[in-house]
Amino acid sequence: MSMINYASREINCKLVYYGPGLGGKTTNLEHIYGKVSPNTRGKMISLATETERTLFFDFLPVDLGTIRGFKTRFHLYTVPGQVYYNASRKLILKGVDGIVFVADSQIERMEANVESMQNLYDNMSEYGYDLTKIPFAIQYNKRDLPNAAPVRDLQASLNPGWPVEDGAQQKVTPDPTHPGENLIERVDNQWVGRAPYLEAVAIRGDGVFDTLKVVSKVVLKTLS
Amino acid sequence: MAGAASWSFSESDFKQIQQHLQAFLRDSNARCALLVDRAGQLVATVGERPQFDPTAFASLTAADFSANDQLAKMIGEHEFASLVHQGEKESMFLADVAKRVILVVLFDQRTTLGLVKLKGKGAVEKLNKVFEEMFNRVGAGPATPEKGLLEGAEDEIDKLFG
């Protein structure tokens with residue numbers, strides 16, 4: 001739920017990093033925290049267990065700068081990935097403007113990825129939000145590991161596409177981050193849309209800012 | 001609804017909100033009042049300037065209130081319309097406003113919980129009215145800034161992350 005304050009000339013947007021436990025959501029935020037100038041970010045809050053597993057959420061506010069006289073600030077949140085924290089996970093989705101799904105590329109975590117994606121759809125629909133209509137990107141993390149599944153397999157399981165029924169959107173839309181691929185295209189006589197995806201090694205910072213950039217742009221586009 | 005609805009408020013809304021909060025602080029002798037939306041964004045601060053990071057505080061407040069909402073439902077209550085966190089010297093009183101915003105009052109030994117609660121009730125009623133009118137206007141008024149926002153935004157994003 002973006003909030004526009006005309007008195008203080010501020011736009012605030014909420015991004016949530018979702019995904020299975022130990023997939024790298026907190027690592028994404030930690031990298032951003034470490035790399036962004038202290039002038040453009042606030043304090044990072046982590047509600048974690050003693051073993052540094054996210055218990056409720058991590059929170060990091062980042063200022064993008066001033067746009068048309070409005071200070072634009074993104075509030076980044078992670079959710080706890082572990083299955084049994086669903087009640088608190090769902091609370092964090094309240095008022096979300098954009099979602100990054102951080103998938104764990106390891107073959108062994110495929111089932112956990114699918115389960116978490118299903119859980120995201122379910123939790124969003126309980127709030128009446130349609131995941132296919134809000135800014136959403138998928139990050140395939142841990143690409144450096146030897147047991148990482150091929151991106152094609154991850155795409156088939158986690159980003160198979162959804163039917164695009166709105167006539168205005170039924171046009172071939174190239175994927176800006178993957179030349180030669182499309183975000184919206186016709187497949188077997190049906191228009192299909194997919195979420196943009198990015199490959200990452202969050203622990204090294206690879207792909208972290210690219211992911212944030214992709215989602216932030218779409219969020220701002222929905223405001224224009 | 002495709003996604004979460006945006007909302008915006010004008011300078012005159014902001015002025016009204018501040019006036020109600022200032023009157024409440026005068027009557028209750030509390031230190032500071034903050035308004036936070038349910039998504040964790042700070043809407044307004046009135047009174048003594050807080051010594052902590054108000055953005056972090058706002059996100060924790062929304063999470064606290066949401067968690068307590070769920071606890072209320074688990075024990076068969078529709079909601080907890082207000083919450084109190086009482087410390088040795090500093091205390092907090094939180095109350096729901098129009099189901100979308102949370103009033104947070106920080107107070108110390110210069111007043112009492114009873115007085116804050118009593119005066120808070122009146123302030124919440126006035127704020128409810130302001131916010132309900134504001135939300136009713138959504139769709140009729142300018143809910144988003146002028147067109148062309150993205151052009152500027154892309155440059156800003158590139159500059160920050162480039």
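Two strands pair if DSSP finds at least two bridges between them. By that rule, E8(A) and strand E11 (residues 190-193) of chain A pair: two bridges join them, and they run antiparallel. Strands (E, at least two residues) and helices (H or I, at least four) are DSSP runs, numbered from the N terminus.

This is a predicted model, in which local features need pLDDT of at least 70, side-chain atom pairs count only at pLDDT 80 or more, and totals for chains, interfaces and linings use all residues. Residues are numbered from 1 along each chain as its sequence is written, while chains are lettered from A and ligands numbered from 1 in the order in which they are written.

**The open sheet of chain A**

- Four strands form an open sheet in the order E8-E11-E10-E9 (chain A), with antiparallel pairing.
- Its edge strands are strand E8 (162-163) and strand E9 (173-174) of chain A, each of which pairs on one side only.
- At one edge, Trp162(A) has Gly193(A) in E11(A) as its bridge partner.
- At the other edge, two bridges join E9(A) to strand E10 (residues 182-187) of chain A, again antiparallel. Here Pro174(A) stands opposite Asn182(A).
- E10(A) and E11(A) pair over four bridges, in the antiparallel sense. Val187(A) stands opposite Gln190(A) in E11(A).
- The hairpin of E10(A) and E11(A) has two residues between the strands, and Asp188(A) takes a positive phi near 45° there.

**Two domains in chain A**

- Chain A is divided into domain 1 (3-147 + 196-223) and domain 2 (160-194). These bounds come from an automatic or database domain assignment.
- The C-alpha centres of the two domains of chain A lie 24 Å apart.
- Five residues of domain 1 of chain A are in contact with five residues of domain 2 of chain A. Contact means that the C-beta atoms of two residues, placed from the backbone, lie within 7 Å.
- On the side of domain 1 of chain A that touches domain 2, the residues divide into three nonpolar, one polar and one charged. Ala, Val, Leu, Ile, Met, Phe, Trp, Tyr, Cys and Pro count as nonpolar; Asp, Glu, Lys and Arg count as charged; the others, Gly among them, count as polar.

**A covered helix in chain A**

- Helix H1 (residues 25-35) of chain A is mostly covered, with eight of its 11 residues buried (20 or more other C-beta atoms within 10 Å of the residue's own; 12 or fewer is exposed, and in between is partly exposed).
- The buried residues of H1(A) include Leu29(A), His31(A) and Ile32(A).
- They pack against several elements of chain A, among them strand E4 (54-67) and helix H5 (208-223).

**Ala48(A)**

- Ala48(A) is found in strand E3 (residues 45-48) of chain A.
- Ala48(A) counts as partly exposed because it has 16 C-beta neighbours inside 10 Å.
- Leaving aside neighbours within four places in sequence, Ala48(A) is in contact with Arg53(A), Thr54(A) and Leu55(A).
- The C-alpha atoms of Ala48(A) and Asn182(A) are separated by 38 Å.

**A bent helix in chain B**

- Helix H3 (residues 113-137) of chain B has 25 residues, so at 1.5 Å a residue it should span 36 Å (1.5 Å times one less than its number of residues). Its end C-alpha atoms are 35 Å apart, which agrees.
- H3(B) bends by about 25° at Gly120(B) (the angle between axes fitted to the seven residues ending there and the seven starting there).
- Gly120(B) is also one of the buried residues of H3(B), as are Val116(B) and Leu127(B).
- The buried residues of H3(B) pack against elements of chain B including helix H1 (11-28) and strand E5 (91-97).
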